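Dear colleague,

Please find below the structure that I am handing over to you. My findings follow directly after it.

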Amino acid sequence: MAAWLLKAVTCIDLTTLSGDDTASNVQRLCYKAKYPIREDLLKALNMHDKGITTAAVCVYPARVCDAVKALKAAGCDIPVASVATGFPAGQTHLKTRLEEIRLAVEDGATEIDVVINRTLVLTGQWKALYDEIRQFRKACGEAHLKTILATGELGSLTNVYKASMIAMMAGSDFIKTSTGKETVNATFPVAIVMLRAIRDFFWKTGNKVGFKPAGGIRSAKDSLVWLSLIKEELGDEWMKPELFRIGASTLLADIERQIYHHVTGRYAAYHDLPMS
């Protein structure tokens, strides 16, 4: 189990998307991304020299510079991901959304998590959705494009499948379930539809697109279920941070608690293990 939990750690986009984010709490987040599990626990598992970090740090565009600076000071090359395009609603003008992408990339973000305009899906404007995501792709330049479908607001699983395919056809490197701000976030029925769209797209084109569930994933058990789902639906090739991410802000604390329990046989008391 410990090996699977450590695998989950390496696939986490460690995230802070709060209105009260500051440079100092982004700095703490970046430190945690570089040192996600206590060194003594990693030594007990003989994994202390494997360079285990989270997959990325994910922040608002205004905090990208803070994250880049903190990671550079920590001497690590963990990617900085930025949400963009009027996150979380995606209801701002297209020109503004595109500029937001460009500014985040200029500030050092190498991954951009965009949100689609859900209106285009709900009204069946599929070509307009494709054209919009193509413009997002162009604005990203060399940065990876992760397209958030906000599946809890798309109305049907048919719409989820269509939106998934269009996002991939338009050049998305990842498709992502949710912003984490919707009433319904990452669910397994939606995930299966998206994963099978990824599989269909791979069979038809030979291109591998990544998958990122986000929203409400808080427990170590949750992370193991998501890893198992990826393994069953897409295979071992997708079980790596290049093709699978978990968007989470509190998940890492529970994984560390469970590893502590695995190593010591005890559950962590407050003074034994940091809770965040």
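E182 is buried (under 20% relative accessible area with a 1.4 Å probe, protein chains only; exposed is over 50%, partly exposed in between), yet E182 has no salt bridge. A salt bridge here is a side-chain nitrogen of Lys or Arg within 4 Å of a carboxyl oxygen of Asp or Glu. The nearest side chain of opposite charge, R118, is 4.3 Å away; Lys and Arg count as positive, Asp and Glu as negative, and His and the chain ends are not counted. Leaving out residues up to four places away in sequence, E182 touches R118, A150 and E153 (contact: heavy atoms within 4.5 Å).

This is a predicted model: local features need pLDDT of at least 70 and side-chain atom pairs pLDDT 80 or more, whereas totals for chains, interfaces and linings use all residues. Residues are numbered from 1 along each chain as its sequence is written, and side-chain values use heavy atoms, without hydrogens and water.

Zero disulfides were found in the whole structure, a disulfide being a pair of cysteine sulfur atoms within 2.5 Å. For C30, the nearest cysteine sulfur, that of C76, is 7.4 Å away. C30 counts as buried because its relative accessibility is 1%. C65 has its closest cysteine sulfur in C30, at 12 Å, which is too far for a bond; at 40% relative accessibility, C65 counts as partly exposed.

Not counting neighbours within four places in sequence, I37 is in contact with L6, V9, L42, L252, I255, E256 and I259.

Yours sincerely
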